[in-house]
Amino acid sequence: MIECVSTNRSHGGTQGVYSHEARTTGTSMTFSVFVPDHRDGETMPVLWYLSGLTCSHANVTEKGEFRAACAEHGIIFVAPDTSPRGEGVPDDSAEAWDFGLGAGFYVDAIQKPWAANYRMWSYVTEELPALVGAHFPVDIVRQGITGHSMGGHGALTVALRHPDRFRSVSAFAPIANPAAVPWGEKAFSLYLGTDRAAWRAHDAVHLIEDGARLPELLVDIGTDDPFYDEQLKPAALEAACAKAEIPLELRRQAGYDHSYYFISSFMADHVRWHAERLKG
């Protein structure tokens, strides 16, 4: 059961925000869905977008500039939240922005106190897809996934571990090798524990090294991104894809940073790229 928070007419479609009581997280969760106009009984491809650190569904919904392209190509766009929220949900006592609320890292935590609510892997791979499929006119055979930063990490790992679910995969400035960077090391150690072998299942570079494959991949990253080398590691993803013979189009966009000014500049390109693969 879902509750409609708001709907707005936009670009020949309906932008909605919805909430529900999530079984996986034990909290109320909010997500957004854009549905282009369509014929009665028609189903459409769906593009999932996973957001980055500090974000919620609202960032891409309000600043992503995806609706015109989605309406043009007849693609539903779904944006989940990035973590559980609400009274009683634990957060980093130091109020750090890179862990806790807004920073679920798309894993199922196994360490206390995070394990009770921080189950974002199960939420975005199981519960939310089932809910969206039951309430919106999605064609579950034609799914794509993308995301930004922490959400790019999520998109890559979800796709690599569900190779039969997604026809298309892309990312904006993904944390490609989280087990080897400060953001990922902090999140994985606190959510998953200190056994680094367990981290490999949530690291795109390691998943590729361990045999996971994608048919192809589109990645954009700004050359002026302040996190380029220390946190994102595009060269590690490039090397892993080359060794595994995964076709990777890695576009280094001159002068762009990590913000939604960057994301919105190339969002329509990504939607069109997904449309070509989802409508084939």
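In this predicted model, Ile-145 has Val-169 of β7 as its bridge partner. That pair belongs to the link between β6 and β7, two strands that run parallel and are joined by two bridges. On the other side of the story is β4, which also runs parallel to β6, this time with six bridges between them. Here Val-46 is matched with Gln-143 in β6. Strand β6 itself is mostly tucked away, since eight of its 10 residues are buried.

Zooming out, these strands are part of an open sheet of nine, lined up in the order β1-β2-β3-β5-β4-β6-β7-β8-β9, with mixed pairing. The edges are taken by β1 (residues 3–10) and β9 (residues 248–253), each of which pairs on one side only. From one strand to its neighbour the sheet turns by 20° on average, ignoring direction. What holds such an arrangement together? Strands of a sheet pair through backbone hydrogen bonds, and the pairing can be parallel or antiparallel.

The antiparallel kind shows up at the β1 end. Seven bridges pair β1 with β2 (residues 13–21) in the antiparallel sense, and Asn-8 sits opposite Gln-15 of β2. Next along, β2 and β3 also run antiparallel, with nine bridges joining them; Thr-14 has Val-35 in β3 as its bridge partner. The hairpin made by β2 and β3 has six residues between the strands, and within that hairpin Gly-26 takes a positive phi near 70°. Moving on to β5, its pairing with β3 is antiparallel too and covers three bridges, with Val-33 facing Val-78 of β5.

How covered is β3? Mostly: seven of its nine residues are buried. A nice example is Phe-34, which is located in this strand (residues 28–36). Its relative accessibility is 0%, so Phe-34 counts as buried. A whole crowd of residues touches Phe-34, even when those up to four places away in sequence are not counted: among them are Ser-10, His-11, Gly-13, Thr-14, Gln-15, Phe-66, Arg-67, Ile-76 and Phe-77. Phe-34 and Asn-8 are 26 residues apart along the chain, and their C-alpha atoms are separated by 9.4 Å.

Some of the residues around Phe-34 turn up again around Thr-61, a residue of helix α1 (residues 57–63). Leaving out residues up to four places away in sequence, Thr-61 touches Gln-15, Ser-32, Phe-66, Arg-67 and Ala-79. Is Thr-61 buried or exposed? The cut-off for buried is under 20% relative accessible area, and Thr-61 has 8% relative accessibility, so Thr-61 counts as buried.

Helices pack against the sheet as well. Helix α9 (residues 234–244) touches β8 (residues 217–222) and β9, and its direction makes about 160° with that of β9. Helix α10 (residues 260–278) reaches over more of the sheet, lying across β4 (44–50), β5 (76–79), β6 (138–147), β7 (168–172), β8 and β9. Relative to β7, helix α10 runs at about 175°.

Then there is the inside. In soluble globular proteins, nonpolar side chains tend to be buried together. Here the largest nonpolar core has 90 residues, and Phe-31, Phe-77 and Tyr-191 touch the most other members. The biggest contribution to this core comes from α10, with eight residues. As for Tyr-191, its contacts, again not counting residues up to four places away in sequence, include Phe-99, Ala-103, Phe-105, Val-107, Ile-110, Trp-114 and Tyr-118.

So much for the parts; what about the whole? The protein has 10 helices and nine strands. Its radius of gyration is 17 Å, close to the 19 Å that the globule rule gives for 280 residues, so the protein is as compact as a globular protein of that length. Along the principal axes, its C-alpha atoms fill a box of roughly 50 × 45 × 35 Å. Of the 280 residues, 60% count as buried. Among contacts with a separation of 6 or more, 72% involve residues 24 or more positions apart. The protein exposes about 11,400 Å², and carbon and sulfur atoms supply 48% of that area.

Definitions and conventions: Residues are numbered from 1 along each chain as its sequence is written. This is a predicted model: local features need pLDDT of at least 70, side-chain atom pairs count only at pLDDT 80 or more; totals for chains, interfaces and linings use all residues. Side-chain values use heavy atoms; hydrogens and water are left out. Two strands pair if DSSP finds at least two bridges between them. Helices (H or I, at least four residues) and strands (E, at least two) are DSSP runs, numbered from the N terminus. Axes are lines fitted to C-alpha atoms, for helices over the stretch in contact, and angles run from 0 to 180 degrees between N-to-C directions. Contact means heavy atoms within 4.5 Å. The radius of gyration is taken over C-alpha atoms; the globule rule is 2.2 Å times the number of residues to the power 0.38. Buried means under 20% relative accessible area, exposed over 50%, partly exposed in between (1.4 Å probe, protein chains only). Accessible areas come from the Shrake-Rupley method with a 1.4 Å probe; for residues, only the protein chains shown count as cover. A nonpolar core is a set of buried Ala, Val, Leu, Ile, Met, Phe, Trp, Tyr and Cys residues joined through side-chain atoms within 4.5 Å.
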